[in-house]
Structure formats: structure tokens, C-alpha cells
Amino acid sequence: MSMVGNYMHLSQAELEHLIKNKNEVSEFIYPENTPKEYKNSELYIDKSWHLIHFLLTGSAWNGNETLRNLTIGGEKLCEPKFTPVGDSVRYLLPNQVLATYELVKNITSDELWSRFNAKAATDAYIYPIGFWSESSEESIKEYILDYFEKLKQFFKTGAEENQAMLIWLT
């Protein structure tokens with residue numbers, strides 16, 4: 001199974017509705033009559049999520065809770081049984097979106113990339129396993145930093161608009 005990161009902005013009211021009506025999560029994140037292209041309120045970061053987390057926190061699955069919110073954090077909204085996604089859907093409240101953005105907004109791409117070590121990523125079993133030592137460092141750098149900048153911008157927009165956020169892996 002491929003695990004790619006997905007994000008969606010939503011209002012506090014929409015989030016509260018989904019918390020009370022978990023059976024509607026699937027339809028909310030995959031509306032039937034919506035084109036497959038991602039809308040402005042959504043972000044897809046492919047398989048970059050785990051390495052971005054590792055570079056930010058120095059840990060495969062742990063680290064600073066607010067930094068974890070950028071990729072693998074959040075409160076569990078529902079289990080996979082309610083959605084066609086492979087992982088549970090998680091959410092961040094608007095204040096968590098803001099706190100996460102405030103923590104990452106000044107981390108430059110160069111600073112993030114200075115933490116990259118292909119052997120360390122492979123040894124820590126960072127998804128996708130083996131990719132980090134089999135690919136050229138330049139291609140990995142471009143791939144990761146592009147998604148990191150998109151994530152920062154997505155969190156910035158969410159913070160400025162006082163939005164909650166859904167995060168899930170497919």
C-alpha cells in the first residue's frame with residue numbers, strides 16, 4: 001500500500017459536525033460529484049510526509065508534539081472503518097494549526113535539508129523504506145523541499161483564516 005499525505009482545511013463548525021457524525025467523514029473528504037483534482041482547500045504531499053517529519057523532529061514517529069502536527073499529529077477523528085482511507089483521519093483545531101505554523105514558518109528549506117542523512121533515514125525505516133539511499137540526493141532534496149514549502153504555505157493559509165485541518169494517509 002502506498003501511503004501519501006493528504007490535508008484539508010475546514011471550518012470549526014464543519015469539524016464539530018464531523019466529530020458528531022463520523023459516518024459523514026468519507027463523503028466530506030471524497031465528495032461524489034467533485035472532480036478528482038484537489039481544490040484550493042486541499043493539499044497532497046505524496047510520500048514526503050515521513051521524511052519531513054524525521055527531518056523536523058529527529059524521530060521516526062515521536063518528537064515535539066507541535067512539530068508532529070505538521071505531518072503525523074492531530075487527534076483521531078475516526079477509524080478506517082468510516083472511510084476508504086488506509087489510516088485514521090486526524091484533525092487539528094485552529095489554534096493547533098496556528099501553533100504549528102508559528103513553529104515551522106521560520107525553518108528555511110536550507111535549514112531543514114541540512115538535517116538530511118540518507119543512512120539515518122534508511123536506518124530509521126523512514127517511509128518509503130530504502131528510497132532515501134537508492135535515489136540521488138539532489139532529486140530527494142527537490143522533492144522534499146517542494147512539499148515542505150507547500151505544507152508551510154498550507155498551514156499559513158489555515159492559520160490566517162482560522163481554519164481547522166484534517167490529515168490522513170491514503
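How many residues apart are Lys156 and Glu160 in helix α9? They are four residues apart, and so about one helical turn separates them. The model is a predicted one. Helix α9 recurs throughout this briefing: α9 gives nine residues to the largest nonpolar core, the most of any element, and Asp146 and Lys150 form one of its salt bridges.

**The largest nonpolar core**

- This core holds 37 residues.
- Tyr7, Leu51, Ile144 and Phe155 touch the most other members.
- Five elements each give two or more residues: α3 (49–57), α5 (94–104), α6 (109–113), α9 (137–160) and β5 (164–169).
- Of these, α9 gives the most, with nine residues.
- Apart from this core lies another, of 13 residues. Leu10, Leu18, Val25 and Cys78 are among them.
- In soluble globular proteins, nonpolar side chains tend to be buried together.

**Ile144 and Leu55**

- Residues up to four places away in sequence are not counted in the contacts of Ile144. On that basis, Ile144 touches Ser48, Leu51, Ile52, Leu55, Leu112, Trp113 and Trp132.
- Leu55 is found in helix α3.
- Leu55 has a relative accessible area of 4%, so this residue is buried.
- With neighbours within four places in sequence left aside, Leu55 is in contact with Leu112, Trp113, Arg115, Phe116 and Ile144.
- Leu55 and Trp113 are 58 residues apart along the chain. Their C-alpha atoms are separated by 7.5 Å.

**Helix α5**

- Which residues of α5 are buried? They are Pro94, Gln96, Val97, Thr100, Tyr101 and Val104.
- Down the axis of α5, these buried residues fall within an arc of 160°, so they line one face of the helix.
- The cover over the buried residues of α5 includes α1 (12–20), α4 (65–68), β4 (89–92), α9 and β5.

**Strand β1**

- Strand β1 spans residues 5–10. Six of its six residues are buried, so β1 is largely enclosed by the rest of the structure.
- Both faces of β1 are covered. Gly5, Tyr7 and His9 are buried on one side, and Asn6, Met8 and Leu10 on the other.
- Tyr7 is also among the residues that touch the most other members of the largest core. Leu10 belongs to the 13-residue core.
- β1 pairs with β5 in the antiparallel sense, over six bridges. Here Met8 stands opposite Leu166.
- β1 also pairs with strand β2 (residues 42–44) in the antiparallel sense, over three bridges. Here the bridge partner of Met8 is Glu42.

**Salt bridges in α9**

- The model has six salt bridges. Among them are Asp146 with Lys150, Glu149 with Lys152 and Lys156 with Glu160.
- An α-helix has 3.6 residues a turn, so residues three or four places apart point the same way.
- *Asp146 and Lys150.* The closest N and O atoms are 3.2 Å apart. The two residues lie four apart in α9, about one turn of the helix. Asp146 counts as partly exposed, at 37% relative accessibility. Lys150 counts as partly exposed too, at 38%.
- *Glu149 and Lys152.* The closest N and O atoms are 3.6 Å apart. The two residues are three apart in α9, so about one helical turn separates them. Lys152 is buried or exposed? Lys152 is buried, because its relative accessible area is 10% and the limit for buried is under 20%. Glu149 counts as partly exposed, at 33% relative accessibility.
- *Lys156 and Glu160.* The closest N and O atoms are 3.9 Å apart. Lys156 counts as partly exposed, at 28% relative accessibility. Glu160 is exposed, with a relative accessible area of 57%.

**Glu149 and Ser109**

- Glu149 is found in helix α9.
- Glu149 and Ser109 are 40 residues apart along the chain. Their C-alpha atoms are separated by 7.5 Å.

Terms used:
Residues numbered from 1 in each chain as written. Predicted model: local features only at pLDDT ≥ 70, side-chain atom pairs only at ≥ 80, totals over all residues. Heavy atoms only, no water. Core = buried A, V, L, I, M, F, W, Y, C linked by side-chain atoms within 4.5 Å. Buried < 20%, exposed > 50% of the residue type's maximum accessible area, 1.4 Å probe, protein only. Contact = heavy atoms within 4.5 Å. Arc of directions from axis to C-beta. Salt bridge = Lys/Arg side-chain N within 4 Å of Asp/Glu carboxyl O. Pairing = 2+ DSSP bridges.
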